[in-house]
Amino acid sequence: MGLFSNRVKREALQPGDHIYSWRTAYMYAHHGIYIGDGKVIHFTRGQNQELGTGTIFDALASSLHPRPMGTTCQICGIDPDSWGVVQSCLDCFLFNCPLYRFEYSTDIATFIAKARGGMCTIAKTDSLELVTHRANYLLNHGFGSYHIFHNNCEDFAIYCKTGLLVIERNGIGRSGQAITFLGAPFSAVVSTPLRFLMANPWGLVAVTVGVYSVSRFAADIGVRSDVAKVEVEDLAANLTGRRT
Ligand SMILES: [Zn+2]
């Protein structure tokens, strides 16, 4: 597994793996839990479901649905009306995009070196059996409402892998995706004296990536202090009381 690519072949997948696939010209990744037999459990929004951000990100996230409008998969039966926690075949999950595996127990140096969000975490994965149990349990009980910043497909997969949930919901978001979209690193760079050191645009890019990585590190589920281990049965029991 290389430093800058988590590409993986289908044959190498194990039930309980956290997999993802880039969408919309590498702007956003869709995440899920591979459960074996060519099947994936993932958290998705419906085609017509409001995301609630009222921004361009709503449109970007519309590409996350596994099926285009008007088509039903003959293999797994998923259709455009499916939403929430769904099970589909690997082809519907990938939607002709390359397959990647999310890394756990990443060391800090590697984590910082990964420029983009949604590739790895320093958090440890639980046993693959427990991961598939959580995914299957949430398939039957749901994972609350989809929200691009506060409750998205990456949060779902990370929860299945670690059992960790962020308790505070007003922070900078749980997952790398949220950090990507918030743009905080970039605004941090352009608002500091560092910008005067930039002789050319590539310098700005390099510094932005550096700040970005540190921001992601601070937000990584593996280093945050505002997370709690929650059993899937307890989570499901409390979902009905959560924000819709
Ligand atoms: Zn399918």
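These are my notebook entries on what I looked up in this predicted model.

**Ground rules**

I number residues from 1 along each chain as its sequence is written, and side-chain values use heavy atoms, with hydrogens and water left out. Since this is a predicted model, local features need pLDDT of at least 70 and side-chain atom pairs count only at pLDDT 80 or more, while totals for chains, interfaces and linings use all residues.

**Overall look**

I started with secondary structure and got nine helices and seven strands. These are DSSP runs numbered from the N terminus: helices are H or I with at least four residues, strands are E with at least two.

Next I checked burial. Of the 244 residues in the protein, 49% are buried. My cut-offs on relative accessible area are under 20% for buried, over 50% for exposed and partly exposed in between (1.4 Å probe, protein chains only).

The accessible surface is about 11,500 Å², and carbon and sulfur atoms own 58% of that. The areas come from Shrake-Rupley with a 1.4 Å probe, and for residues only the protein chains shown count as cover.

Then contacts, meaning heavy atoms within 4.5 Å. Taking those with a separation of 6 or more, 67% are between residues 24 or more positions apart.

**Salt bridges**

How many salt bridges does the structure hold? I get four, with the criterion being a side-chain nitrogen of Lys or Arg within 4 Å of a carboxyl oxygen of Asp or Glu.

I looked at Arg-101 and Asp-17, whose closest N and O atoms are 2.8 Å apart. Arg-101 sits in strand 5 (residues 100-101) and Asp-17 in the segment before strand 1 (18-23), so this salt bridge ties together parts 84 residues apart in sequence. Is Arg-101 buried or exposed? Arg-101 is buried at 17% relative accessible area, and Asp-17 is buried too, at 6%.

I moved on to Asp-126, which pairs with Arg-134 at 2.9 Å, N to O. Asp-126 also meets Lys-229, again at 2.9 Å, N to O. That second pair links distant parts of the chain: Asp-126 is in the loop between helix 3 (108-113) and helix 4 (128-141), and Lys-229 is in strand 7 (residues 227-229), 103 residues away. I noted the three residues as a salt-bridge network. On burial, Asp-126 comes in at 18% and counts as buried, Arg-134 is buried at 2%, and Lys-229 is partly exposed at 49%.

**Helix 4 against helix 9**

I fitted axes to C-alpha atoms over the stretch in contact, with angles running from 0 to 180 degrees between N-to-C directions. The axes of helix 4 and helix 9 (residues 232-239) come within 10 Å and cross at roughly 15°. The two helices are therefore roughly parallel; that label takes angles under 35 degrees, with over 145 roughly antiparallel, 65 to 115 roughly perpendicular and the rest oblique.

The crossing is right-handed, meaning that the near helix is turned clockwise from the far one by less than a right angle, where anticlockwise would be left-handed.

I listed the residues that meet. Helix 4 brings His-133, Arg-134, Tyr-137, Leu-138 and His-141, while helix 9 brings Val-232, Glu-233, Leu-235, Ala-236 and Leu-239.

**Backbone oddities**

I also checked phi. Asp-37 is not a glycine, yet its phi is positive at about 55°. Asp-37 is in the loop between strand 2 (28-36) and strand 3 (39-44) and is exposed at 73% relative accessible area.

Ser-105, also not a glycine, has a positive phi of about 55°. Ser-105 lies in the loop between strand 5 and helix 3 and counts as partly exposed at 45%.
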